[in-house]
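Trainee: I am new to this one and would love a close look at a single part, the place where protein meets DNA. Could you walk me through that surface?

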Protein chains: 2
Amino acid sequence: MPHSLSAAENFIEQMGLITQDDGGPRIAGRIMGLLIVEGQPFSLAEMAERLKISKASASTNARLLANAGMIRQTGRAGDRQDYYELGEDPYQRMMETVSARLRKVADLVFEAETRFADDDGGARSRVHQLAEFYAQSADFLADWSKQSVSKGDASRNAAPPSTGDRDDN
Amino acid sequence: MPHSLSAAENFIEQMGLITQDDGGPRIAGRIMGLLIVEGQPFSLAEMAERLKISKASASTNARLLANAGMIRQTGRAGDRQDYYELGEDPYQRMMETVSARLRKVADLVFEAETRFADDDGGARSRVHQLAEFYAQSADFLADWSKQSVSKGDASRNAAPPSTGDRDDN
DNA sequence: CAGTTCGTTCAGTATTGACTGAACTATCGG
DNA sequence: CCGATAGTTCAGTCAATACTGAACGAACTG
């Protein structure tokens, strides 16, 4: 009975692998999977026990996810442990995090662009195009995440943001 | 004069760091940066020389980028070296690659979902929600990448895809 | 004001994977 | 054919970082 993972274990492990492939810590993905599958708050000690990981990892990665807005800290009456559960709109928040990352990258590229001379064989304008791309992507995802998506009601026909050129360099 | 990077060097290095933060190989980002900044084909030997990297790395990472559709292989008359240059719509292709990745993840989660019993305290439906989220995101990016974005003409008011529920599990 | 029970932090370990140098294969030019 | 020139592959090295165990600090409990 130890072999052939249960549906829950399998899902949790997949989440770990997916997260790892995306360049994140595997344990963060596993915690995310655990909270999704169980649908209720877990204490750090419970996570550590269930996922066979150290307290330290549970603490660090839970905080990481909380900072990314994907899970949220809770408490229980008469219990001084920290509990964590899925946040309000976890996937929406995930989008917002990605958007924020893109915006940061856009700013980096805009900054790099300023160091070019105005004519550089078109180099500057190509760099500018890249920065614009990142900025537009960030805006686009941010707007999309404002719509209620992937929730129970799943609104259809989300309106698109207008993707005109920006002027903030 | 060796200190204080030129605009080009700085940009190339930033691209490397950005790529690294995104979980990719730093050199791939640097090559991307080089091709953007120079706007003309480079041979593997030229890349290796300019970026101070090994032939092996140039070869491997150029192929990686080409497989992702972000750059494209070219040739020159009377020259048997492999040249690489920016592809048709590099950023569009970048989006398509991200979309493909999301679709792959969605499929993994759909697959994991099937292993759950129909009633599992809502576990199955929560997993399904996650799969839907990934699938919708993939569709959304794919649709968006079909619009001409971040090109010279920069079309405004891109129409949004309708994000209704899917039924392909 | 002890004694517990938490969570966090930090030094050390281990693992992953990027990168390189060198060997190998293939193709072109003479 | 033979030498040279390319690109790829692969074993080995190195660096980054995920993860752990243990020490620490803070906050509740009695």
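Mentor: Happily! Let us start with DNA strand D: by class, the surface near this strand has six nonpolar, five polar and seven charged residues. Here Ala, Val, Leu, Ile, Met, Phe, Trp, Tyr, Cys and Pro count as nonpolar, Asp, Glu, Lys and Arg as charged, and the others, Gly among them, as polar. A residue is near a strand if one of its heavy atoms lies within 4 Å of it.

Before going on, note that this is a predicted model, in which local features need pLDDT of at least 70, side-chain atom pairs count only at pLDDT 80 or more, and totals for chains, interfaces and linings use all residues. Residues are numbered from 1 along each chain as its sequence is written, chains are lettered from A and ligands numbered from 1 in the order in which they are written, and side-chain values use heavy atoms, with hydrogens and water left out.

Around DNA strand D there are 18 residues, and A:Ser54, A:Ala56, A:Ser57, B:Ser59 and B:Asp82 come nearest. Of the strand D atoms that come within 4 Å of the protein, 73% belong to sugar and phosphate. At least two residues of this surface come from each of α2 (26-38) and α4 of chain A, and from each of α4 and β3 (79-86) of chain B; helices (H or I, at least four residues) and strands (E, at least two) are DSSP runs, numbered from the N terminus. The largest share, five residues, is that of α4(B).

Now for some individual atoms. A side-chain N or O atom of A:Ser57 is 2.5 Å from a phosphate oxygen of DNA strand D, while a polar side-chain atom of B:Ser59 lies 2.3 Å from a phosphate oxygen of that strand. B:Lys55 reaches a base instead: an N or O atom in its side chain is 3.4 Å from a base oxygen of DNA strand D.

Turn next to DNA strand C. This strand is surrounded by 18 residues, the closest being A:Ser59, A:Arg80, A:Asp82, B:Ser57 and B:Arg80. Sugar and phosphate make up 70% of the strand C atoms within 4 Å of the protein. From B:Ser57, a side-chain N or O atom is 2.5 Å from a phosphate oxygen of DNA strand C. A:Asp82 uses a polar backbone atom, 2.7 Å from a phosphate oxygen. For this strand, α4(A) gives the most to the surface, with five residues.

Conventions: A polar contact is a pair of N or O atoms within 3.5 Å; within protein, one must be able to donate a hydrogen and the other to accept it, and residues adjacent in sequence count only if both atoms are side-chain atoms.
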